[in-house]
Amino acid sequence: MQKKQKGVVWFRNDLRVNDNESLTNSMAENESVIAMYCFDPRHFEQTSFGFKKTEKFRAKFLLETVTELKDNLEKLNIALLVYHEKPEDCIPKMVIENEIDTIYFQEEWTTEEMKVLENVKSKISDSVVFKPAYNQFLFHPEDVPFEINFIPNVFTQFRTKCEKYSKVKAELLVLTMAKANLITNDGKIPSIEALGFSDFVSDSRTAFPFHGGENEALKRVEDYFWETKKLGVYKLTRNGLIGKDFSSKFSPWLANGSISAKTIYWEIINYEQQIGKNESTYWLIFELIWRDYFKYVSLKNGNSIFKIGGILDKEYDWKTNKSAIHNWINGTTAEPFVNANMIELKQTGWMSNRGRQNVASYFAKNLLLDWRIGAAYFESMLVDYDVHSNYGNWMYVSGVGNDPRDRKFNIPLQAERYDGESKFQKLWLQQQLF
Ligand code: FAD
């Protein structure tokens with residue numbers, strides 16, 4: 001008799017049950033399916049620039065996300081096995097214990113993720129099949145009108161061709177396994193303390209008062225699109241600084257894959273059909289294309305996105321002045337607008353896009369500090385850290401990436417334009433002399 005096929009979905013930054021190719025394929029191709037997630041201890045350690053790779057804000061968001069994923073998978077009769085170990089240590093054991101034939105996972109191409117995969121593969125029998133999938137794009141790599149090596153260095157060229165020649169694939173159906181598929185297991189989701197943090201209460205001023213998890217992401221879409229109809233005015237409000245509704249706030253869920261860019265895209269189309277299409281509805285799609293673009297930039301350029309010269313291999317005289325870095329991080333520079341944004345980040349793990357552009361420009365273009373240090377600090381603090389968007393945007397602002405104009409922000413002018421009455425600065429600098 002033929003052996004029953006057994007598959008495992010190794011969840012990485014695709015922490016959802018909806019529109020997830022790895023999950024759907026595993027269920028279609030196997031008699032039995034389990035799922036796993038590893039809290040990799042390296043993700044909570046200090047990196048070479050002296051910051052923890054993940055700070056408390058993203059750690060808590062991730063714990064909430066995995067908790068919801070476990071519940072949602074259980075409803076499909078799939079058990080999520082959770083480990084607090086390196087993937088290369090726990091996956092080989094798990095494969096043997098559960099007699100796994102196929103491992104399904106999201107394809108990642110940045111150095112650390114590739115090294116982990118290589119390590120995992122080196123410890124597993126050749127008979128086990130590895131099936132990667134690109135779960136993270138709006139325009140799937142097989143649908144973009146470019147060879148990866150010829151992805152344009154200018155966003156507009158990428159966007160216009162994709163808009164003309166590519167189609168966003170339909171969302172995948174969610175399947176269900178038979179009840180008997182659900183196994184019991186004693187893998188526990190670690191506490192926040194086990195990840196090295198004390199629990200904390202969110203700052204009441206935060207612009208991101210949300211929790212992690214797929215259901216939370218879908219709730220936010222419902223609220224932003226249908227309840228408040230803020231999508232219809234997005235282009236007019238997106239440069240705002242205070243409160244939860246000036247922009248979609250989808251980024252933290254997109255970053256860890258609690259929602260797919262495709263799900264958001266098709267809901268925008270639905271909104272356009274039911275409520276109406278305008279510049280704002282288009283602009284949210286435009287921003288999702290930026291997100292895709294930075295993924296393609298990193299896919300094309302590999303490790304260069306982490307190098308000081310960036311993808312342009314530019315030479316500048318970067319400084320590493322410790323007190324200037326300290327002042328930037330702690331919001332004690334000569335620029336109140338930079339300070340307010342940096343304090344917001346430190347207190348909440350969130351900063352608006354307008355804020356990010358200004359503080360990054362100030363760091364790299366005014367203080368002339370090594371942009372990789374600023375990027376590493378963002379990596380640590382941001383609740384929505386995404387390797388491609390973070391390093392892509394930092395390179396862009398620092399003049400070593402995809403900005404053909406290589407601009408420097410005039411910070412006082414930006415503060416006047418976007419915070420004319422200083423409401424935002426007062427909100428975050430209230431304890432300081434303002
Ligand atoms: P919205 O304005 O509602 O946009 C909707 C979605 O479009 C976002 O959720 C995001 O997925 C995408 N998007 C919007 N702007 C950008 C952009 N400039 N680049 C890429 N995608 C974009 N975004 C991250 O998700 N993770 C990061 O680590 C990150 N680091 C950044 C670092 C710097 C220096 C800068 C200037 C920007 C960075 N961004 C990053 C991009 C952008 O600031 C955030 O995506 C945005 O502020 C998130 O808020 P939102 O979801 O309300 O965005």
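Two strands are taken to pair if DSSP finds at least two bridges between them, and on that basis the predicted model contains an open sheet of 5 strands in the order β3-β2-β1-β4-β5, with parallel pairing. Strands β3 and β5 stand at the edges of this sheet with a single partner strand each, so one side of each is left without a neighbour in the sheet. From one strand to the next, the twist averages 25°.

**The sheet from β1 to β5**

Strand β1, which covers residues 6-11, pairs with β4 in the parallel sense over 4 bridges, and within this pairing the bridge partner of V9 in β4 is Y104. On its other flank in the strand order, β4 (residues 102-106) pairs with β5 (residues 129-133), again in the parallel sense, over 5 bridges. Several of the bridge partners in β5 can be named: I103 is matched with F130, F105 stands opposite P132, and Q106 has A133 as its partner. The connection between these two strands involves helix α4 (residues 111-122), and β4, α4 and β5 together make a right-handed β-α-β unit.

How enclosed is β4 by the rest of the structure? Here the relevant cut-off is that buried means under 20% relative accessible area; 5 of the 5 residues of β4 are buried, so the strand is largely enclosed by the rest of the structure. In a regular strand the side chains alternate between the two faces of the sheet. In β4, T102, Y104 and Q106 lie on one side and I103 and F105 on the other, and since these residues are all buried, both faces of the strand are covered.

At the other end of the strand order, β2 and β3 run parallel and are joined by 4 bridges, with M36 standing opposite L81 in β3. The chain crosses from β2 through helix α2 (residues 56-75) to β3, and this β-α-β crossover is right-handed. Strand β3 comprises residues 80-83, of which L80 and V82 point one way while L81 and Y83 point the other way, and all are buried. The pairings for which bridge counts are available can be set side by side.

| Strand pair | Sense | Bridges |
|---|---|---|
| β1 and β4 | parallel | 4 bridges |
| β4 and β5 | parallel | 5 bridges |
| β2 and β3 | parallel | 4 bridges |

**A contact between two helices**

Elsewhere in the chain, helix α12 (residues 336-348) and helix α14 (residues 371-381) pack with their axes 9 Å apart, at an angle of about 40°. That angle makes α12 oblique to α14. The contact is made by M342, L345 and K346 on the side of α12, and by Y377, F378 and M381 on the side of α14. In terms of residue character, the contact of α12 with α14 divides into 5 nonpolar residues, no polar residue and 1 charged residue.

**Loop residues**

Which residues does E31 contact once its neighbours within four places in sequence are left aside? They are K4, Q5, M177 and N181. E31 itself is found in the loop between α1 (21-29) and β2 (32-38), and at 47% relative accessibility it counts as partly exposed. The C-alpha atom of E31 is separated by 54 Å from that of A364, a residue 333 places away along the chain.

Two further loop residues deserve a remark on their backbone conformation. Most residues other than glycine have a negative phi, and most peptide bonds are trans. For K229, however, phi is near 55°, a positive value in a residue other than glycine; K229 lies in the loop between α6 (214-227) and α7 (234-237), and at 37% relative accessibility K229 counts as partly exposed. For L368, phi is near 55°, likewise a positive value in a residue other than glycine. L368 is found in the loop between α13 (353-366) and α14, and its relative accessibility of 38% places L368 in the partly exposed class.

Methods:
Residues are numbered from 1 along each chain as its sequence is written. This is a predicted model: local features need pLDDT of at least 70, side-chain atom pairs count only at pLDDT 80 or more; totals for chains, interfaces and linings use all residues. Side-chain values use heavy atoms; hydrogens and water are left out. Axes are lines fitted to C-alpha atoms, for helices over the stretch in contact, and angles run from 0 to 180 degrees between N-to-C directions. Angles under 35 degrees count as roughly parallel, over 145 as roughly antiparallel, 65 to 115 as roughly perpendicular and the rest as oblique. Contact means heavy atoms within 4.5 Å. Ala, Val, Leu, Ile, Met, Phe, Trp, Tyr, Cys and Pro count as nonpolar, Asp, Glu, Lys and Arg as charged, and the others, Gly among them, as polar. A crossover is right-handed if, with the strands pointing away from the viewer, the path from the first strand over the helix to the second runs clockwise. Buried means under 20% relative accessible area, exposed over 50%, partly exposed in between (1.4 Å probe, protein chains only).
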